[in-house]
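Q: I should like to learn how to read the secondary structure, sheets and packing of a protein model. Could we work through one example together?

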Amino acid sequence: MTDQASHPVKLGGVHHAAYRCKDAKETVEWYGKVLGMDYTTAFAEDHVPSTGEYDPYMHVFLDAGNGNILAFFELPNQKDMGRDENTPQWVQHLAFKVDSEDELLAAKDHVESLGIDVLGPTHHGIFKSIYFFDPNGHRVELATDIGTDEQYAELKRVAPLMLEEWSETKKAPRHADWLHELARKEHGQG
């Protein structure tokens, strides 16, 4: 035991985010064709390294840019892949950044040209997004930041206040209503 006080771990970023897929080959090909991700690595074993249990898997890794890695597991011996039916489909999603509104619109055209339904662009006040589903049923979002430094600073300032109010009331705090006003104006609702 040491006399030193415990400190939180200092993180260096996300190493990878891993999700389940129905078919590893189809998933790798889809993310390459639709989002231009490079397939970089695969691990395959019959036994899970952390637990030792028998559960054959294929674990594939895709480069999402800027050192961000997206990974998937195909698990052929497990029950068919499902989703959390108690959570709406729009909640759990993978969001990727694009550099501009023009790139966002070009991405929408590309994805739609592949026969994939796309929702949006949706204006969120400080960013705009499009949404669609991968072959595994995971919702994918492409987003581009459009906010100002002042807007981001204000959101950071009110974030603790909003969380505290939400924790007490479970009703949407109004500290950042201006975000929704910007979005409504863009959508012709304001």
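A: Certainly; this is a predicted model. Let us begin with one helix and the strands it meets. Helix α1, residues 24–35, lies across β1, β2, β3 and β4. The direction of α1 makes about 10 degrees with β3.

Q: In what order do the four strands of that open sheet stand?
A: Strands of a sheet pair through backbone hydrogen bonds, in either a parallel or an antiparallel sense. Here the order is β1-β4-β3-β2, and the pairing is mixed. The edges are formed by β1 (17–21) and β2 (38–47), each of which pairs on one side only. From one strand to the next, the twist averages 25 degrees.

Q: How many bridges join β3 to β4, and in which sense do these strands run?
A: Strand β3 (residues 54–63) and strand β4 (residues 69–74) run antiparallel and are joined by six bridges. As one example of the register, methionine 58 has glutamate 74 of β4 as its bridge partner.

Q: What is the strand order in the other sheet, the one that contains β5 and β8?
A: This is also an open sheet of four strands, with the order β5-β8-β7-β6 and mixed pairing. Strands β5 and β6 each have a single partner, so one side of each lacks a neighbour in the sheet. Neighbouring strands are turned against each other by 25 degrees on average, direction ignored. Helix α2 packs on this sheet, touching β6, β7 and β8, and its direction makes about 15 degrees with that of β7.

Q: Which residues show the register of the β7 pairings?
A: Strands β7 and β8 run antiparallel and are joined by seven bridges; isoleucine 130 has leucine 142 of β8 as its bridge partner. On the β6 side, strand β6 (residues 119–123) pairs with strand β7 (residues 127–133) in the antiparallel sense over three bridges. There, leucine 119 is matched with tyrosine 131 of β7. Three residues separate β6 and β7 in a hairpin, and glycine 125 in the turn has a positive phi of about 90 degrees.

Q: Which residues of the largest nonpolar core touch the most other members?
A: The core holds 23 residues, and Tyr31, Phe132 and Leu142 touch the most other members. At least two core residues come from each of α1, β3, β4, β5 (93–97), α2 (101–113), β7 and β8 (139–145). The largest share, five residues, is supplied by α1. Leucine 142 also illustrates how contacts can be listed: leaving aside residues up to four places away in sequence, leucine 142 touches partners including Leu35, Phe96, Val98, Leu104, Ala107 and Phe132.

Q: How do the axes of helices α3 and α4 cross?
A: Two packed helices are described by the angle and the distance between their axes. The axes of α3 (residues 149–169) and α4 (residues 177–186) come within 11 Å and cross at roughly 140 degrees. Angles over 145 degrees would count as roughly antiparallel, so this pair is classed as oblique. Gln151, Glu154 and Leu155 of α3 make the contact with Trp178, Leu179 and Leu182 of α4.

Q: Where does UniProt place the feature "domain: VOC"?
A: The UniProt record, an unreviewed entry, places this feature at residues 13–145. Over that range, the chain is 19% helix and 41% strand, and the end C-alpha atoms are 20 Å apart.

How values were computed:
Residues are numbered from 1 along each chain as its sequence is written. This is a predicted model: local features need pLDDT of at least 70, side-chain atom pairs count only at pLDDT 80 or more; totals for chains, interfaces and linings use all residues. Side-chain values use heavy atoms; hydrogens and water are left out. Two strands pair if DSSP finds at least two bridges between them. Axes are lines fitted to C-alpha atoms, for helices over the stretch in contact, and angles run from 0 to 180 degrees between N-to-C directions. Contact means heavy atoms within 4.5 Å. UniProt positions are given in the numbering used here, feature names are shortened, and annotations may be inferred rather than shown by experiment. A nonpolar core is a set of buried Ala, Val, Leu, Ile, Met, Phe, Trp, Tyr and Cys residues joined through side-chain atoms within 4.5 Å. Buried means under 20% relative accessible area, exposed over 50%, partly exposed in between (1.4 Å probe, protein chains only). Angles under 35 degrees count as roughly parallel, over 145 as roughly antiparallel, 65 to 115 as roughly perpendicular and the rest as oblique.
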